[in-house]
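Work through the exercises below with the coordinates loaded. Each task is followed by a solution in steps.

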Amino acid sequence: MRPETSVGIIGWGSYIPRWRLPLSEIAKLWGFAPETPRGLNVVEKAVAGRDEDAVTMGWEAARNALLRAGIDPKEIGAVWFGTESKPYAVKPSATIIAEALGITPDTMATDLEFACRAGSEALRISIGAVASGLVKYALVIGSDTAQANPGDILEFTASSAATALITGPAREAAAVFEASYTYVTDTPDFWRRAHQPYPLHGEGFTGEPAYFHHIVSAVKGLLEQTGLKVDDFDYAVFHQPNGKYPLAVAKRLGFPKEKVLPGLVTPYIGNSYNSSALIGLSRVLDIAKPGQRILLAPFGSGAGSDAYSIVVTDKIIEKQDKAPRVDDYLNRKYLIDYATYAKFRGIITRIR
Amino acid sequence: MRFSIPRYWRERHSHYRLYAKKCSKCGRVNYPPSNICRYCGSTELEDYYLDREKAKIISWTIIYPAPEGFEEQRPRIIALLETLETKTRIIAPLTDILPEEIKEGLIVEPVLRRIKEDREAGLIHYAIAYRPVIGSIGTNKQ
């Protein structure tokens, strides 16, 4: 018996800010070819407001997950926060969220960093912690207000959103884990040095040796370990740095487009980094039916990927309407111009 | 540092969760919290958190001159609200809303936001603000 099978998702929830920047604004300002957004298969990106950050977005995603979990927040024994846009370089974000949700003080709490897959590493750790009995429930959050150098191609997709998952005993779960697998190497495709405001990346190098190699290896590892086949899965959710890569990696692994589209959120909001694959899972859980099997494969630069097999239980139905769905947040939008985005994201330098 | 660190810490439950006291005798919620019910004089009160309730807008004001620390949130919108369950009246900032979208009776819900920050290097102050419930106001989508 694998440890994963005793653990499942008790609650899930996401958050997307109201503000959206049409990518045509970026193309126009920085002189990119007008078809650039179409090439990325992304139309708009979500922009956190001036009073939002990874903590406030993570708080709302976690609140939604708690609504679905229907548990006493005091029963949560770990709050793990995955981000690469911490409001404080030193001072945990996890404690702010834990305090604001009434989870403190009898809990573990920490922030994790692994580019876009810190939240996913937290998810794998939580499986171990719950399976061993160390904690009853764990709150795992992936939240980012992704930064990009203004005028860099990355600016088209770097966006803001958050997703939270509460893991706990399989018998209470809306979806149970069947197996998980992680594949990491030292691959320098994307990084941000200390005190630098924006990350740098290896352009095309982020694709083949990084994104594709790691996701394909993690998914193949999972399939080998479990004996499952591509056909056994009803949905496939991959890390989604743009709207193209997840469809390309799916094709390479043999997943048809129809199994990927329900969990493909990036075309509408951009790449929300630590929430990127997890918000795809969240959207699939919003509509999934008992008995369905989901493949989840987040990726983080630097580089690594996790692959999970998740099976939906009959408890999912009663939970789906207990909090706003991802689509409710997708529909809540207000288009802004580049100047407003620049102010919201602190791109305009002021003396304070 | 311009703002008191101990004060922010001491008041964190008021800021994060709208900590209040609910009277066991008359059922009214005392906010800010009080050990003696200001409605019936009872001393039997229990902890209550107003962040679990939605609210409706009674009235509001739009403040254009920004106090220190609030310059980037100009204009600030401050509303008088009444919570839906316990009918508690509170004054709180509105967020995710444009001045022209505000109307009396609009249902809003509490969210944790950055309220102010102590310059570049000091503490970030988080607190509850209210925003329209999901799906209640429109979009400018073409």
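The exercises cover one loop residue, two sheet regions and several salt bridges.

The model is predicted: local features need pLDDT of at least 70, side-chain atom pairs count only at pLDDT 80 or more, and totals for chains, interfaces and linings use all residues. Residues are numbered from 1 along each chain as its sequence is written, chains are lettered from A in the order in which they are written, and side-chain values use heavy atoms, with hydrogens and water left out.

**Exercise 1.** Describe the surroundings of A:Thr187.

Solution.
- Step 1: Locate the residue. A:Thr187 sits in the loop between strand S8 (175–184) and strand S9 (190–191) of chain A. Helices (H or I, at least four residues) and strands (E, at least two) are DSSP runs, numbered from the N terminus.
- Step 2: Classify its accessibility. Buried means under 20% relative accessible area, exposed over 50%, partly exposed in between (1.4 Å probe, protein chains only). A:Thr187 has 10% relative accessibility and therefore counts as buried.
- Step 3: List the contacts (heavy atoms within 4.5 Å). Outside four places in sequence, the partners of A:Thr187 include A:Phe205, A:His214 and A:Gly302.

**Exercise 2.** Which strands pair with S14(A), and in what sense?

Solution.
- Step 1: Apply the criterion. Two strands pair if DSSP finds at least two bridges between them.
- Step 2: Count bridges. S8(A) is joined to S14(A) by nine bridges, running antiparallel. Strand S12 (residues 293–297) of chain A has four bridges to S14(A), also antiparallel. Strand S13 (residues 299–300) of chain A has two, again antiparallel.
- Step 3: Find the opposing residues. A:Val311 in S14(A) has A:Val176 opposite and also A:Arg293 opposite. A:Gly300 stands opposite A:Gly304.
- Step 4: Inspect the hairpin of S13(A) and S14(A). Three residues lie between the strands, and A:Gly302 takes a positive phi near 115 degrees.
- Step 5: Check burial. In S14 (residues 304–312) of chain A, nine of its nine residues are buried. A:Gly304, A:Asp306, A:Tyr308, A:Ile310 and A:Val312 point one way from the strand, and A:Ser305, A:Ala307, A:Ser309 and A:Val311 the other way.

**Exercise 3.** Which strands stand at the edges of the open sheet S3-S2-S15 of chain A?

Solution.
- Step 1: Read the order. Three strands form this open sheet, with mixed pairing.
- Step 2: Count partners. Strand S3 (44–47) and strand S15 (334–335) of chain A each have a single partner strand, so one side of each is left without a neighbour in the sheet.
- Step 3: Examine one pair. Strand S2 (residues 19–22) of chain A and S15(A) pair in the parallel sense over two bridges, with A:Arg20 opposite A:Leu335.

**Exercise 4.** Which chains and elements do the salt bridges of A:Arg50 and B:Arg113 connect?

Solution.
- Step 1: Set the rule. A salt bridge is a side-chain nitrogen of Lys or Arg within 4 Å of a carboxyl oxygen of Asp or Glu. By this rule there are 30 over all chains.
- Step 2: Take A:Arg50 and B:Glu72, whose closest N and O atoms are 2.2 Å apart. The pair crosses from the loop between S3 and helix H3 (54–69) of chain A to the loop between strand S4 (55–63) and strand S5 (76–83) of chain B. Both A:Arg50 and B:Glu72 are buried.
- Step 3: Take B:Arg113 and A:Asp51 (3.2 Å, N to O). B:Arg113 lies in strand S7 (residues 107–117) of chain B and A:Asp51 in the loop between S3 and H3 of chain A, so the pair joins two chains.
- Step 4: Extend the network. A:Asp51, A:Glu52, A:Arg332, B:Asp96 and B:Arg113 are linked by salt bridges.
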